[in-house]
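Subject: A structure for you to look at

Hello,

Here is the structure I promised to pass on. Please open it and keep it beside this email while you read.

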Amino acid sequence: MNIFAFQQKTPEEIGTLIAQRIRNIRRRRKISQKRLSEKSGVSLGSVKRFERSGEISLFSLTKIAIALEIDRELEDLFLEVPFLSIEEIINGEA
């Protein structure tokens, strides 16, 4: 039994967590949802839905990250993922 299985979050929880982080960055930079929509080219409805539910396309999330000047963090996502097994290390060398 994997003891870490209990610590895993659902896709919805992860989306909500990311949305909260983006909203906090937007607020501390004193950017309204409307202004973020204008800067990013993402519709205001999509920005609002994202902050409320965590639902957004990867393309729109990327546009928002660029508008907030945090695209580097998005680029670095999954950059250094640890291997889970010896087999994965072997497969990674092929």
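In which helix is the place of I89? I89 sits in helix 6, which covers residues 86-93. Before going on, please note that this is a predicted model.

The surface patch

I89 belongs to a nonpolar patch on the surface. Its members are F83, I86, I89 and I90. Together they have about 400 Å² of accessible area. I89 itself has a relative accessible area of 32%. That makes I89 partly exposed, because the partly exposed class runs between the buried limit of 20% and the exposed limit of 50%.

Salt bridges

Side chains of opposite charge can pair when their charged atoms come close. How many salt bridges does the structure hold? There are 4. I will take you through some of them.

Start in helix 2, residues 33-40. K34 pairs with E38 there, and their closest N and O atoms are 3.4 Å apart. The two residues are 4 apart in the helix, so about one helical turn separates them. E38 also forms a salt bridge with R35. Here the closest N and O atoms are 3.7 Å apart. E38 and R35 are 3 residues apart in helix 2, again about one turn. The result is a network of salt bridges that links K34, R35 and E38.

How open are these residues? K34 counts as exposed, at 53% relative accessibility. E38 is partly exposed, at 48%. R35 is partly exposed too, at 41%.

Another salt bridge joins the side chains of D76 and R72. The N to O distance is 3.7 Å. D76 is partly exposed, with a relative accessible area of 34%. R72 counts as exposed, at 52%.

How two helices pack

Now look at helix 2 against helix 4. Their axes are 9 Å apart, and the packing angle is about 105°. Helix 2 and helix 4 are therefore roughly perpendicular to each other, since angles of 65 to 115 degrees fall in that class. Which residues make the contact? From helix 2 they are L36, K39 and S40. From helix 4 they are K63, I64 and A67.

T62 is also part of helix 4, which spans residues 58-67. T62 is partly exposed, at 28% relative accessibility. Its C-alpha atom is 7.4 Å from that of L74. Along the chain, T62 and L74 are 12 residues apart.

Two loop residues with positive phi

Most residues other than glycine have a negative phi. Two residues here deserve a look for that reason.

What is the phi of K30? It is positive, about 55°, although K30 is not a glycine. K30 lies in the loop between helix 1 (11-28) and helix 2. K30 counts as exposed, with 75% relative accessibility.

E69 also has a positive phi, near 60°, and is a residue other than glycine. Where is E69? E69 is in the loop between helix 4 and helix 5 (71-75). At 64% relative accessibility, E69 counts as exposed.

A short route through the model

- Find I89 in helix 6, then the rest of its patch: F83, I86 and I90.
- Go to helix 2 and trace the network of K34, R35 and E38.
- Cross from helix 2 to helix 4 through the contact residues, including L36 and I64.
- Finish at E69, in the loop between helix 4 and helix 5.

Best wishes

Note on methods
Residues numbered from 1 in each chain as written. Predicted model: local features only at pLDDT ≥ 70, side-chain atom pairs only at ≥ 80, totals over all residues. Heavy atoms only, no water. Patch = residues over 30% accessible without salt bridge, like charges linked within 9 Å, V, L, I, M, F, W, Y side chains within 5 Å. Areas by Shrake-Rupley, 256 points an atom, 1.4 Å probe, with all protein chains shown as cover. Buried < 20%, exposed > 50% of the residue type's maximum accessible area, 1.4 Å probe, protein only. Axes fitted to C-alpha atoms, helices over the stretch in contact; angles between N-to-C directions. Parallel < 35°, antiparallel > 145°, perpendicular 65-115°, else oblique. Contact = heavy atoms within 4.5 Å.
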